[in-house]
Amino acid sequence: MKLATLKNGTRDGALVVVSRDLTRYQKVPKIAATLQFALDNWDSVAERLQAVYTALNDNATWDAQPFAESLCHSPLPRAYQWADGSAYINHVELVRKARNVDVPASFYTDPLMYQGGSDSFVGPHDPIYALSEEWGIDLEAEVSVITGDVPMGATVEECAGAIRLVMLVNDVSLRNLIPGELLKGFGFFQSKAASAFSPVCVTPDELGGAWQDSKLHLPITVHINQRPFGKPNAGEDMTFNFAQLVAHAAKTRELAAGTIIGSGTVSNKQGDLHGSSIENGGVGYCCLAEVRMYETIEQGAPRTSFLQFGDNVRIEMFDADGASIFGAINQDVARYEGPTR
């Protein structure tokens, strides 16, 4: 099943069911007005939403509308909780190697995670706003999941069963603000701008064999200014799967339905540093910081700049037949000029 939230002038938008090929949608106000309502009442509405999805794919609905990704907000325009992990230890290893710092042994057994702002996500085709290019604007292409209610201390197996939906995310980082914040010893805040999620979120069963062991085994594609930048496989080199990440988040607290858990920047191990870019036959990267790390390791200093105003970022994932699964996160970088609503 594929779900989306259309912008309608309210903070939480309107839930719709989207056809598998992303061409049509069906409004479902009598079942669930918002995605959060659906998640809060999943056991009573999921089957009804699935019936609409089946009818939509069978062309058996009379009032389906043409679907356009530009109409969408993030599936959850705001969420009770957004916690992002760092499940790809290769990414952490590169950061540390570029700084000549060892990776603590605990990083391989205990996930890293931070709690991000979740009161106002931006739409998948909304701009990446910042006040200054000097902040070091960077994309982070990731996979994320939305959970149902999770009890404190839930097992990994229980957490796997609590995963309701899967989607992509651009977890924007302001890299030049990060060092100062980390020096305070209290984590990220100003250095994490508003995240954008894919137009569509899907139930794990919709992913077929690509969803195994609570991982999504498909490449995530990244373009910057229409040029290929990355295509690493999200299921490879993932040290902690989503069930483990959810369990980590639930160790000391209950998680409410609608909690979003991110994978962290997708990153694959690549034997030859110089050959890791797409131009050199590698799988490339999901953030600019990573290529800058490679440049620092190989050449002594980074040469690639962070995003500038006017740049474009596109993040997408395709199935085995080449069809877009979630639609695209397609964002321009822009100077913030004040509230839009």
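Which residue stands opposite V313 in β21? In this predicted model, the residue is Q331. The pair belongs to the contact between strand β20 (residues 312–317) and β21, which is antiparallel and runs over four bridges. V313 also has a partner in another strand: it is the bridge partner of I224. That second link is part of the pairing of β20 with β17 (residues 220–224). Five bridges join these two strands, again in the antiparallel sense.

On its other side, β21 (residues 329–335) meets strand β8 (residues 128–130). Here the strands run parallel, and three bridges join them. Within this pairing, I128 stands opposite V333. Together the strands form an open sheet of five, in the order β8-β21-β20-β17-β18. The pairing in the sheet is mixed. Strands β8 and β18 (227–230) stand at the edges. Each has a single partner strand, so one side of each is left without a neighbour in the sheet. On average, neighbouring strands of the sheet are turned by 25 degrees against each other, direction ignored. In general, strands of a sheet pair through backbone hydrogen bonds, either parallel or antiparallel.

The loop between β20 and β21 holds S324. Is S324 buried or exposed? The relative accessible area of S324 is 16%, and buried means under 20%; S324 is therefore buried. Its side chain makes a polar contact of 2.8 Å with the side chain of E316. A polar atom of the S324 side chain also lies 3.2 Å from the backbone nitrogen of G327. Beyond its neighbours within four places in sequence, S324 is in contact with K2, L22, E316, M317 and F318. E316 thus appears both in this contact list and as the polar partner of the S324 side chain.

Attention turns next to helix α6. The helix spans residues 242–249, and six of its eight residues are buried, so α6 is largely enclosed by the rest of the structure. The buried residues are F242, A243, L245, V246, A247 and A249. Which elements do they pack against? Strands β7 (113–115), β10 (141–147), β11 (163–170), β15 (211–212) and β19 (259–262) are in the list, together with helix α4 (156–161). The N-terminal end of α6 is capped by N241. A side-chain oxygen of N241 lies 3.1 Å from the backbone nitrogen of A243. A243 is itself among the buried residues of the helix.

The protein as a whole contains seven helices and 21 strands. Along its principal axes, the C-alpha trace spans about 60 × 45 × 40 Å. The radius of gyration is 19 Å. For 341 residues, a compact globule would have a value near 20 Å, so the two agree. Buried residues make up 54% of the 341 residues. The exposed area of the protein is about 15200 Å², and carbon and sulfur atoms supply 50% of it. Contacts between residues at least 6 apart in sequence were also examined. Of these, 73% join residues at least 24 apart.

Terms used. Residues numbered from 1 in each chain as written. Predicted model: local features only at pLDDT ≥ 70, side-chain atom pairs only at ≥ 80, totals over all residues. Heavy atoms only, no water. Pairing = 2+ DSSP bridges. Axes fitted to C-alpha atoms, helices over the stretch in contact; angles between N-to-C directions. Buried < 20%, exposed > 50% of the residue type's maximum accessible area, 1.4 Å probe, protein only. Contact = heavy atoms within 4.5 Å. Polar contact = N/O pair within 3.5 Å; in protein donor to acceptor, adjacent residues only side chain to side chain. Rg over C-alpha atoms; globule rule 2.2 N^0.38 Å. Areas by Shrake-Rupley, 256 points an atom, 1.4 Å probe, with all protein chains shown as cover.
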